[in-house]
Amino acid sequence: MPAGSKLEVAPLGALGAEIKAVDLARVSVAEVEAIKSAWYRHDVVVFRNQRLTDDDLLAFSRHFGTLDPPPNQGAGRKSPPGYPDIYVVSNVRDERGEPIGALGDGEALWHTDMSYAAHPPDASMLYALEIPAHGGDTSFCSMKAALTRMPKSLVERLRGLDIKHDGTYDSGGYVRKGLTASDDPRTSVGTPHPAIIEHPVSGKPALYLGRRRNAYVMGLDLAESERLLDQIWSYVETAVYRHRWAVGDLVLWDNRTTMHRRDAFDPNARRIMHRTQIKGSSAPKRASMLLATAQ
Ligand SMILES: [Fe+2]
């Protein structure tokens, strides 16, 4: 705990930690360092009862790096006026019936943000402004833990493989703006990344999957790629943290070591979240260290 701070880190189980007694609108340099070290260790960090303006959210986000522009979604980029680096995730429509945000109210399947890019964002954070009474929970899974459950032979096989991460569909299942629907993983738009990557700070290995739809193991025939992907995906829920949102919650996660998903919620309920993301400093790097944790 930094001198003069009451900041407290409370692990949430196999994945994630809640960081208590810190005001993110006036966070000190020492507190930021303590938050980063908890984040590298727990991959997902949760803060409750925050009161952040959009400027506060941007200032806190910038402690983690340069901000990445919002993704290109089916319904187009959505930002509050004057805040192009904030991405509105919402099902709410304005007085003209236009959606104020992206991703609607449906279920979002397991994914990591924008891994179809050559340099995917290092981190994302979501800040809750309005939430429905039920549904809309966000779950996170540990891709470090997934590796530890796999047989060693499978880990060894994956070490040399690359998986293509599809860029056609967003996490709500909508075709991204300007793209054409495609369901052939071999030819759809996307970027190959190593199947097992190494975290640039902690050096820990993590399985790197992006999303299941249109994923493709480079160099394999399609049926073999599908079989291998199904096998790998059976390990992704090894360690899961499910976040039940309250207004004022901020959740920060590592896109290199976790995936996330969202439960559907009542379309008539309102949910408004503001998201920022931190630009990836490099392409995901193939894990080189001995995977001692795998069995
Ligand atoms: Fe996402």
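In which loop is the place of Asp 43? Asp 43 sits in the loop between helix H1 (29–42) and strand E3 (44–47). Helices (H or I, at least four residues) and strands (E, at least two) are DSSP runs, numbered from the N terminus.

This is a predicted model: local features need pLDDT of at least 70, side-chain atom pairs count only at pLDDT 80 or more, and totals for chains, interfaces and linings use all residues. Residues are numbered from 1 along each chain as its sequence is written.

**Overall form**

The secondary structure of the protein comprises 5 helices and 18 strands. Along the principal axes, the C-alpha trace spans about 50 × 50 × 30 Å. The radius of gyration is 19 Å, which agrees with the value near 19 Å for a compact globule of 295 residues. That radius is taken over C-alpha atoms, and the globule rule is 2.2 Å times the number of residues to the power 0.38.

Of the 295 residues, 43% count as buried. A residue is buried if 20 or more other C-beta atoms lie within 10 Å of its own, exposed if 12 or fewer, and partly exposed in between, with C-beta atoms placed from the backbone. Two residues are in contact if their C-beta atoms, placed from the backbone, lie within 7 Å. Among contacts between residues at least 6 apart in sequence, 79% join residues at least 24 apart.

**Loop residues with positive phi**

Most residues other than glycine have a negative phi. Two residues with positive values are listed here.

| Residue | Phi | Loop | C-beta neighbours inside 10 Å |
|---|---|---|---|
| Asp 43 | near 75° | between H1 and E3 | 29 |
| Met 114 | near 55° | between E6 and E7 | 23 |

Asp 43 counts as buried, and Met 114 does too.

**Core and helix H2**

The largest nonpolar core has 62 residues, and those with the most contacts inside it are Val 45 and Leu 207. Such a core is a set of buried Ala, Val, Leu, Ile, Met, Phe, Trp, Tyr and Cys residues joined through C-beta atoms within 7 Å. Strand E7 (residues 123–130) provides the largest share of this core, 5 residues. Leaving aside neighbours within four places in sequence, Val 45 has contacts that include Gly 16, Ile 35, Trp 39 and Leu 252.

In helix H2 (residues 54–62), the buried residues are Leu 57, Phe 60 and Ser 61. Seen down the axis of H2, they fall within an arc of 100°, so they line one face of the helix; the arc is that of the directions from the helix axis to the C-beta atoms. E7 and strand E17 (272–278) are among the elements that cover these residues.

**Two open sheets**

Two strands pair if DSSP finds at least two bridges between them. One open sheet has 4 strands in the order E6-E16-E8-E14, with antiparallel pairing. Strand E6 (108–111) and strand E14 (240–243) each have a single partner strand, so one side of each is left without a neighbour in the sheet. Twist averages 15° from one strand to the next, where axes are lines fitted to C-alpha atoms, for helices over the stretch in contact, and angles run from 0 to 180 degrees between N-to-C directions. Within this sheet, 5 bridges join strand E8 (residues 138–142) to strand E16 (residues 258–262), and Ser 139 has Arg 261 as its bridge partner in E16.

Another open sheet has 3 strands in the order E12-E11-E18, also antiparallel. Its edge strands are E12 (205–207) and E18 (285–286). Strand E11 (residues 196–198) pairs with E18 over 2 bridges; the partner of Glu 198 in E18 is Lys 285.
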